[in-house]
Amino acid sequence: MLALYNTLIVLFTVVMMEIVATLAHKYIMHGWGWGWHHSHHTPRTGWFELNDLYAVVFAALAIALIAFGTAGYWPLQWIGAGMTLYGALYFMVHDGLVHQRWPFRYVPRRGYFKRLYLAHRLHHAVRGKEGCVSFGFLYTPPVAALQATLRARKALNARGKGAARDAAGGGRGAGVPTRELTATPAPLTSSPSFSRRRVP
């Protein structure tokens with residue numbers, strides 16, 4: 001029975017880690033932690049990027065939980081094991097499948113993995129930390145919904161720029177162009193040809 005409990009704790013931790021990672025991605029990495037995460041949204045020139053420090057932080061926490069758990073504080077070791085399993089899945093799906101950080105190239109053509117691939121590609125379709133979509137790593141909303149959100153934001157941004165131009169120039173079409181109010185999405189396509197080295 002204890003083995004069942006431990007297994008359930010590991011699986012529950014994996015699910016909770018996806019929620020924690022999604023929130024951390026949206027509110028920390030694309031917020032006050034952008035200094036590290038920015039490297040993930042620019043072309044990578046070597047094996048590593050500053051954003052990898054987030055993985056180091058989570059790994060250190062998992063190691064600490066396993067150490068405390070094996071020292072007698074059950075069930076911390078199983079929570080740490082769940083975090084470790086999530087980290088392995090993250091590495092395979094996000095770093096490997098999506099960003100091609102393994103020594104061979106595989107582009108999914110259908111199903112769940114194609115959805116993850118395209119959704120994260122849409123996440124990188126926006127320059128900068130504002131206006132991005134799809135912050136999950138193992139779960140994403142439908143790709144069509146993400147594309148619709150980006151199109152709506154692009155249209156809103158275009159209207160905002162027009163209104164700012166009119167206000168600055170005293171009339172419609174007058175004045176000089178103003179800087180963008182929000183990030184503008186890059187052109188979207190449905191073909192899964194994303195490469196980490198070509199991310200803007």
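**Note on helix α4 and its surroundings**

1. The buried residues of α4 are covered by elements that include α1 (2–32), α3 (52–70) and α5 (111–123). The model under discussion is a predicted one, and the remarks below concern α4 and its packing against α1.

2. For orientation, the secondary structure of the protein consists of 6 helices and 0 strands. Read from the N terminus, the order of elements is α-α-α-α-α-α. The protein has 200 residues, of which 38% are buried. Of the contacts between residues at least 6 apart in sequence, 60% link residues at least 24 apart.

3. Does the span of α4 agree or disagree with its number of residues? Helix α4 covers residues 76–98, which is 23 residues; at 1.5 Å a residue it should span 33 Å, and because its end C-alpha atoms lie 31 Å apart, the two values agree. The helix nevertheless has a kink of about 30 degrees, centred on Tyr-90. After α4 comes Gln-100, which has a positive phi, near 55 degrees.

4. Which residues of α4 are buried? In the part before the kink centre at Tyr-90, they include Gln-77, Gly-80, Gly-82, Met-83 and Tyr-86. Tyr-90 itself is buried, as are Val-93, His-94, Asp-95, Gly-96, Leu-97 and Val-98.

5. Two packed helices are described by the angle between their axes and by the distance between those axes. For α1 and α4, the angle is about 55 degrees and the axes are 8 Å apart. An angle of this kind falls outside the ranges for roughly parallel (under 35 degrees), roughly perpendicular (65 to 115) and roughly antiparallel (over 145), and α1 and α4 are therefore oblique to each other. Their crossing is right-handed.

6. Which residues form the meeting of α1 and α4? From α1 come Asn-6, Ile-9, Val-10, Thr-13, Val-14, Met-17, Glu-18 and Ala-21. They meet Trp-78, Ile-79, Ala-81, Gly-82, Met-83, Leu-85, Tyr-86 and Leu-89 of α4. Among these residues of α4, Gly-82, Met-83 and Tyr-86 are also buried.

7. Leu-85, a residue of helix α4, merits separate comment. Leaving aside residues up to four places away in sequence, Leu-85 touches Val-10 and Val-14, both of which belong to α1. The C-alpha atoms of Leu-85 and Met-17 are separated by 9.9 Å, although the two residues are 68 residues apart along the chain. Leu-85 counts as partly exposed because its relative accessibility is 35%, a value between the limits of 20% for buried and 50% for exposed.

Technical notes: Residues are numbered from 1 along each chain as its sequence is written. This is a predicted model: local features need pLDDT of at least 70, side-chain atom pairs count only at pLDDT 80 or more; totals for chains, interfaces and linings use all residues. Side-chain values use heavy atoms; hydrogens and water are left out. Helices (H or I, at least four residues) and strands (E, at least two) are DSSP runs, numbered from the N terminus. The expected span of a helix is 1.5 Å times one less than its number of residues. The bend at a residue is the angle between axes fitted to the seven residues ending there and the seven starting there. Buried means under 20% relative accessible area, exposed over 50%, partly exposed in between (1.4 Å probe, protein chains only). Contact means heavy atoms within 4.5 Å. Axes are lines fitted to C-alpha atoms, for helices over the stretch in contact, and angles run from 0 to 180 degrees between N-to-C directions. A crossing is left-handed if the near helix is turned anticlockwise from the far one by less than a right angle, and right-handed if clockwise.
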